[in-house]
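Colleague: I have a model open and would like to learn how to read it feature by feature. Could you take me through it?

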Amino acid sequence: MANFTSFEPDDVPPEIDTSVAHSARVYDFILGGKDNFEADRRAAAGAMEANPHLATAMRENRALMRRMTAVLAKAGIRQFLDIGTGLPTSPNVHEIAQSIEPASRVVYVDNDPIVLAHARALLASSPEGACAYIDADARDPDKILAHPKLRDTLDLSEPVALMFFGILQFIPDDAGPHAIIGRLLAALPSGSYLAIQQPTADFYPPGVSAQAAYQRAGIPFQYRTREQFAAFLDGLELVDPGITVMADWRPDDETQPRPPATHAAAYAALARKP
Ligand SMILES: C[S@@+](CC[C@H](N)C(=O)[O-])C[C@H]1O[C@@H](n2cnc3c(N)ncnc32)[C@H](O)[C@@H]1O
């Protein structure tokens, strides 16, 4: 098994089309980043006009990812498969996991060429661990599972945390998200985990027009209800506290005020494969 950080020549980014919005760059803009273009900023403006709380929700999503990664690493999980990684934003999954166990191994997957172009920052592994980046579409789980970088980095006979943060809304039902998650989980052994987050309009119905704003910009987008979210967890053992809104999933400090569900409207859950 490889124990290195790799950025292969075949990873040379294809031409980045700046004329159409991409979800990674819209997210980057809303979070105050600089890796975005006019089309992304227009899409972000439309979405934020519809839902002025989007930046709060995105910050909460990053905080959720940090907490869940730490919980998993402290529970002894040493392998992570992060689908829809986004532009590197420290701390990334490997930084959190390796700060708890330096030998942690992380595979990142994204299909945006600009994320690929920035992937070096995702590959700065500790010497004891390993990181790899796969340029692939989440809708093609077989390609991800067969990819040599995945096979070189993760040992699929040992538990893996499969992570979907801030991406399921970009995989509408007609793209088969349940089958995608099912296919990936089927390749992982018992004791693996699914860590997921999914935006919802359950708490802020006017925010549903943000969905239309993304769609107008050419980005597929789907909010889901609690019931639709729960369906992703079928057959798995929910870890405490079960399904919650993001901010209520094991907050760092119970005594500190948290954003209301209306401002950070997404469900979160961590579940174990029996
Ligand atoms: C909103 S960002 C979330 C980034 C990070 N996971 C987080 O929670 O902060 C969504 C990411 O999912 C990626 N993405 C969207 N659809 C995808 C697909 N079908 N396959 C792979 N990546 C996808 C985008 O390129 C983007 O980087």
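Modeller: Gladly. Let's begin with pockets: a pocket is an open set of grid points with protein on both sides within 12 Å along at least five of seven lines, and its volume is the space filled by probe spheres set on the points. Keep in mind that this is a predicted model. Here the largest pocket has a volume of about 630 Å³.

Colleague: Which residues lie closest to the centre of the largest pocket?

Modeller: They are S23, D110, N111, I167 and F170, out of 35 residues that line the largest pocket. As for elements, α1 (23-30), α3, β1 (79-83) and β2 each bring at least two residues to that lining. The largest share comes from α3, with four residues.

Colleague: And how does the lining of the largest pocket divide into nonpolar, polar and charged residues?

Modeller: There are 18 nonpolar residues in it, with eleven polar and six charged.

Colleague: What is the volume of the second largest pocket, and what lines it?

Modeller: The second largest pocket holds about 230 Å³ of space. Its lining has 16 residues, and D28, L31, L87, P88 and T89 are the closest to the centre. Both α1 and α3 supply at least two residues of this lining. By character, the lining of the second largest pocket splits into six nonpolar, five polar and five charged residues.

Colleague: Since α1 has come up for both pockets, which of its residues are buried?

Modeller: Buried means under 20% relative accessible area. In α1, that applies to A24, R25, V26, D28 and I30. Among the elements covering these buried residues are α2 (38-50), α3, α5 and α9 (208-216). Look just beyond the helix too: α1 is followed by G32, which has a positive phi, near 90°.

Colleague: How should I read a cavity, as opposed to a pocket?

Modeller: In a cavity, a 1.4 Å probe fits but cannot get out. This structure holds one cavity of 30 Å³ or more, and the largest cavity has about 220 Å³ of space. Of the 22 residues lining the largest cavity, L54, A57, M58, Q169 and P199 lie nearest its centre. Both α3 and β5 give at least two residues to the lining of the largest cavity, and the largest share, four residues, is from α3.

Colleague: How many charged residues line the largest cavity?

Modeller: None: its lining divides into 13 nonpolar and nine polar residues, with no charged ones.

Colleague: Let's turn to the core. What is the general idea?

Modeller: In soluble globular proteins, nonpolar side chains tend to be buried together. In this model the largest nonpolar core has 36 residues, and M68, L72, F80, Y133 and L270 touch the most other members. Two or more residues of this core come from each of α3 (54-74), α4 (93-100), β2 (105-110), α5 (113-117), β3 (130-135), β4 (161-164), β5 (193-199) and β8 (266-272). Of these, α3 gives the most, with seven residues. Another core, of 35 residues, lies apart from it and includes V107, L162, I243 and A271.

Colleague: Why is β8 described as largely enclosed by the rest of the structure?

Modeller: Because six of the seven residues of β8 are buried.

Colleague: Which strands pair with β8, then?

Modeller: Look for bridges between strands. Seven of them join β5 to β8, and the two run antiparallel; within that pair, Y193 has R272 as its bridge partner. Strand β6 (residues 237-238) also runs antiparallel to β8, joined by two bridges, with E237 standing opposite R272. Finally, strand β7 (residues 244-245) is joined to β8 by two bridges, again antiparallel, and V245 is partnered with Y267.

Colleague: One last residue: is H94 buried or exposed?

Modeller: With a relative accessible area of 1%, H94 is buried; the cut-off is under 20%. H94 lies in helix α4. Leaving out residues up to four places away in sequence, H94 touches S99, V106, Y108, A121, L122, A124, S125 and C131. You can also compare backbone positions: H94 and R105 are eleven residues apart along the chain, and their C-alpha atoms are separated by 7.3 Å.

Definitions and conventions:
Residues are numbered from 1 along each chain as its sequence is written. This is a predicted model: local features need pLDDT of at least 70, side-chain atom pairs count only at pLDDT 80 or more; totals for chains, interfaces and linings use all residues. Side-chain values use heavy atoms; hydrogens and water are left out. A nonpolar core is a set of buried Ala, Val, Leu, Ile, Met, Phe, Trp, Tyr and Cys residues joined through side-chain atoms within 4.5 Å. Buried means under 20% relative accessible area, exposed over 50%, partly exposed in between (1.4 Å probe, protein chains only). On a 1 Å grid over the protein atoms alone, a cavity is a set of points where a 1.4 Å probe fits but cannot get out, and a pocket is an open set with protein on both sides within 12 Å along at least five of seven lines; lining residues have an atom within 4 Å of a point. Ala, Val, Leu, Ile, Met, Phe, Trp, Tyr, Cys and Pro count as nonpolar, Asp, Glu, Lys and Arg as charged, and the others, Gly among them, as polar. Two strands pair if DSSP finds at least two bridges between them. Contact means heavy atoms within 4.5 Å.
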